[in-house]
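Welcome! Have the sequence and the model open beside you, and try each exercise before you read its solution.

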Amino acid sequence: MISIKNLHKSFGDKQVLRGVNIDVEIGSTHCIIGKSGSGKSVLLKHIVGLLKPDKGEIYVDDKEIESLTYKELFEIRKSMGFVFQGAALFDSYNVYENIIIGLYEHGERDTKVLDETAVKVLSSVGLLPNISERETASFQKEWDILKYKKPSDLSGGMRKRVGVARALVGNPKYIFYDEPTTGLDPVTSEQIDDLVKEIGKSLNVTSIVITHDMFSVFRVADRVSMLHDGIVRFEGDVQGLKDSKDEVVSEFIDRFRLEGEFDS
Ligand SMILES: Nc1ncnc2c1ncn2[C@@H]1O[C@H](COP(=O)(O)OP(=O)(O)O)[C@@H](O)[C@H]1O
Ligand SMILES: [Mg+2]
């Protein structure tokens, strides 16, 4: 499990996090919401050890991130997959290269291993037929076509799927999505939400989804934490979020209510 305890972080005299507490249960999809600039990405960077807390601790599987050696941090990062804001693919690389780059950089040169890995993760995100059809001619044909495509040949939704596939390469226990549906149209957003759910279930991954897209939250969240003024202003499930009497919370979700996208 991931535990964030009393996390404080300032930049200069700007206090971004002022005592954040969040527990992410194993197997859950935990959404972190809050308006732009509320510190969601900063929080995520602490979990993966890219930023150091001014005060407070982050525990991943009972290991306190800040106390880890570089090597231990490296080990724990292997259990984590990241889907960055935007698709963050390398434009000059094809799909295959974008998927295997991490493995390649860590010294893997066995083309069979690289191929198998790419095929497996691309099947998991629905860009290739089910892996069980691997030996069929139609599978091979689709693979041969997809492999050499550049990000610019792909739709926004497909690029996002490649981003998710890349995050799955190391068989992560945790996967972190930073604004996975931002910039996508509503239909594609819904497909990506379904993918987030599906990956969580079928691969038994614990997911943290940072978003300000309330439609996504309602579709994917088991648990929601809302950041506001540097603290967790709301923590609960989707129903609790909809029912919240806190003005700050209801104001945040009201525009979605007005659009008639959900009742209650
Ligand atoms: N490395 C940094 N240096 C200075 N300020 C930063 C840094 N990273 C984030 N901030 C500031 O922290 C606040 C929260 O940022 P962020 O976590 O990116 O917000 P969001 O909730 O939109 O993801 C913003 O005001 C941002 O400008
Ligand atoms: Mg952000």
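**Exercise 1.** Find how strand 6 and strand 7 pair, and over how many bridges.

*Solution.* Keep in mind that this is a predicted model. Start at strand 7, residues 174-178: strand 6 pairs with this strand in the parallel sense, and 4 bridges link the two. Next, look for a pair of facing residues: Gly81 stands opposite Ile175 in strand 7.

**Exercise 2.** Work out the order of the strands in the open sheet of 6 strands, and say which strands stand at its edges.

*Solution.* Reading across the sheet gives the order 6-7-8-3-9-10, with mixed pairing. At the edges are strand 6 (80-83) and strand 10 (231-236); each has a single partner strand, so one side of each is left without a neighbour in the sheet. Finally, follow the twist, which averages 15 degrees from one strand to the next.

**Exercise 3.** Now trace the open sheet of 4 strands, and find the helix that lies across strand 1, strand 2 and strand 4.

*Solution.* The order here is 2-1-4-5, and the pairing is antiparallel. Strand 2 (14-24) and strand 5 (63-64) are the edge strands, each pairing on one side only. Then look at strand 1 (residues 2-11) and strand 4 (residues 55-60): they run antiparallel and are joined by 5 bridges. Lys5 stands opposite Glu57 in strand 4. The helix you are after is helix 1 (residues 40-47), which runs at about 120 degrees to strand 1.

**Exercise 4.** Describe how helix 3 and helix 4 pack, and which residues meet there.

*Solution.* First locate helix 3 at residues 95-105 and helix 4 at residues 111-124; their axes are 10 Å apart and the packing angle is about 120 degrees. That angle makes helix 3 oblique to helix 4. The crossing of the two helices is right-handed. Now list the residues: from helix 3 come Val95, Tyr96, Ile99, Ile100, Leu103 and Tyr104, and they meet Thr111, Leu114, Asp115, Thr117, Ala118, Val121 and Leu122 of helix 4. Sorted by character, the residues of this contact are 10 nonpolar, 2 polar and 1 charged.

**Exercise 5.** Step back to the whole chain: where do domain 1 and domain 2 fall in the domain assignment?

*Solution.* The assignment gives domain 1 two stretches, 1-79 and 174-264, while domain 2 covers 89-171. Taken over C-alpha atoms, the centres of domain 1 and domain 2 are separated by 27 Å. To finish, look at their contact, which takes 13 residues from domain 1 and 11 residues from domain 2.

Definitions and conventions
Residues are numbered from 1 along each chain as its sequence is written. Chains are lettered from A and ligands numbered from 1 in the order in which they are written. This is a predicted model: local features need pLDDT of at least 70, side-chain atom pairs count only at pLDDT 80 or more; totals for chains, interfaces and linings use all residues. Side-chain values use heavy atoms; hydrogens and water are left out. Two strands pair if DSSP finds at least two bridges between them. Contact means heavy atoms within 4.5 Å. Axes are lines fitted to C-alpha atoms, for helices over the stretch in contact, and angles run from 0 to 180 degrees between N-to-C directions. Angles under 35 degrees count as roughly parallel, over 145 as roughly antiparallel, 65 to 115 as roughly perpendicular and the rest as oblique. A crossing is left-handed if the near helix is turned anticlockwise from the far one by less than a right angle, and right-handed if clockwise. Ala, Val, Leu, Ile, Met, Phe, Trp, Tyr, Cys and Pro count as nonpolar, Asp, Glu, Lys and Arg as charged, and the others, Gly among them, as polar. Domain bounds come from an automatic or database domain assignment.
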